[in-house]
Amino acid sequence: MRWTSEIIGVTGGSAPQRAAVWKPNLDYYTLMLLGELPGGTSSRAYDIGYFGGIVGSSDDGSGTHVAVIWKPYVFGGYTVTPLPVPDGGSCSAATAINTYGDIAGNCILGNGAERGVVWRKVGGASYELMHELAPLPGHTRSVAYALDNDGQAGGGS
């Protein structure tokens, strides 16, 4: 893992939460808002990857939160992209990104089941939904909050 002194999170207060990154600037940090999907007004950042990609969620203008990745531009700033969803389902948050750019997060499947998922990076800015994480026997849902470089996700059931 590379050493990074950037800090990610959300702004607070009475306004909608906004995903943010604080970047070092000599003896202090500069705040940069990451932005939302078109029409969105709130977002959250959960993890930052080796090459500066940030994962989290953004509302999509309808009030629904969608799993996203913010990719850094070479000359500053970020572009936000929604991650693929299961057929008939939705994904509310991307929660972790590993060194290779693979991402873990949480989705609702077309049948309404809640599942932790893993997306695999398949190109420069392209992702595919790779795994749905099955819950333990007798359980009805799973969640994913961490992802290591071997593709093993951590979460709960």
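This briefing describes the strands, sheets and selected side-chain contacts of one structure. The model is predicted. One open sheet has its 4 strands in the order β4-β5-β6-β7, and a further open sheet of 4 strands follows the order β8-β9-β10-β11; the pairing is antiparallel in the former and antiparallel in the latter. A search of the whole structure gives 1 aromatic pair, and the structure holds 4 salt bridges, of which three are described below, together with the surroundings of Asn98.

**The sheet β4-β5-β6-β7**

- In this open sheet, with the strand order β4-β5-β6-β7 and antiparallel pairing, the edges are taken by β4 (43-48) and β7 (78-82), each of which has a single partner strand, so one side of each is left without a neighbour in the sheet.
- From one strand to the next, the twist of this sheet averages 30 degrees.
- Strand β5, which comprises residues 54-59, pairs with β6 in the antiparallel sense over 6 bridges, and within this pairing Ser57 of β5 is found opposite Ala67 in β6.
- The hairpin made by β5 and β6 has 5 residues between its strands, and in this hairpin Gly61 adopts a positive phi near 100 degrees.
- Strand β6, comprising residues 65-72, is in turn paired with β7, again in the antiparallel sense, over 5 bridges; here Ile69 stands opposite Thr81 in β7, while Val68 stands opposite Pro82 in β7.
- The hairpin of β6 and β7 likewise has 5 residues between the strands, and Gly76 is the residue that takes a positive phi near 100 degrees in this hairpin.
- As for burial, 7 of the 8 residues of β6 are buried, so this strand is largely enclosed by the rest of the structure.

**The sheet β8-β9-β10-β11**

- In the open sheet with the order β8-β9-β10-β11 and antiparallel pairing, β8 (90-97) and β11 (127-133) are the edge strands, and each of them pairs on one side only.
- Neighbouring strands of this sheet are turned against each other by 30 degrees on average, direction ignored.
- Strand β10, which spans residues 114-121, pairs with β11 in the antiparallel sense over 6 bridges, and in this pairing Lys121 faces Tyr127, which stands opposite in β11.

**The aromatic pair**

- The 1 aromatic pair found in the whole structure consists of Tyr50 and Phe51, whose ring centres are 4.7 Å apart and whose planes stand at 85 degrees, so the pair is edge-to-face.
- Tyr50 is partly exposed, at a relative accessible area of 29%, whereas Phe51 is exposed, at a relative accessible area of 65%.

**Asn98 and its surroundings**

- Asn98 is located in the loop between β8 and β9 (103-108), and with 4% relative accessibility it counts as buried.
- The side chain of Asn98 reaches the backbone oxygen of Asp148 at a distance of 3.0 Å.
- When its neighbours within four places in sequence are left aside, Asn98 is in contact with Leu147, Asp148 and Asn149.

**Salt bridges**

- Among the 4 salt bridges is the one between Glu6 and Lys23, in which the closest N and O atoms are 2.9 Å apart. Glu6 belongs to the segment before β1 (7-10) and Lys23 to strand β2 (residues 19-25), so this pair ties together parts that are 17 residues apart in sequence. Lys23 is partly exposed, with a relative accessible area of 23%.
- Arg18 and Glu36 form another salt bridge, with their closest N and O atoms 2.7 Å apart. Since Arg18 lies in the loop between β1 and β2 and Glu36 in the loop between β3 (28-33) and β4, the pair ties together parts that are 18 residues apart in sequence. Arg18, at 26% relative accessibility, counts as partly exposed, while Glu36 is buried, with a relative accessible area of 15%.
- The side chains of Glu114 and Arg141 also meet in a salt bridge, at 3.2 Å from N to O. Glu114 lies in strand β10 and Arg141 in the loop between β11 and β12 (143-147), so this pair ties together parts that are 27 residues apart in sequence. Glu114 is partly exposed, with a relative accessible area of 34%, and Arg141 is partly exposed, with a relative accessible area of 38%.

Note on methods: Residues numbered from 1 in each chain as written. Predicted model: local features only at pLDDT ≥ 70, side-chain atom pairs only at ≥ 80, totals over all residues. Heavy atoms only, no water. Pairing = 2+ DSSP bridges. Helix = DSSP H or I, 4+ residues; strand = E, 2+ residues; numbered from the N terminus. Axes fitted to C-alpha atoms, helices over the stretch in contact; angles between N-to-C directions. Buried < 20%, exposed > 50% of the residue type's maximum accessible area, 1.4 Å probe, protein only. Phe/Tyr/Trp six-rings, centres within 6.5 Å; stacked < 30°, edge-to-face > 60°. Polar contact = N/O pair within 3.5 Å; in protein donor to acceptor, adjacent residues only side chain to side chain. Contact = heavy atoms within 4.5 Å.
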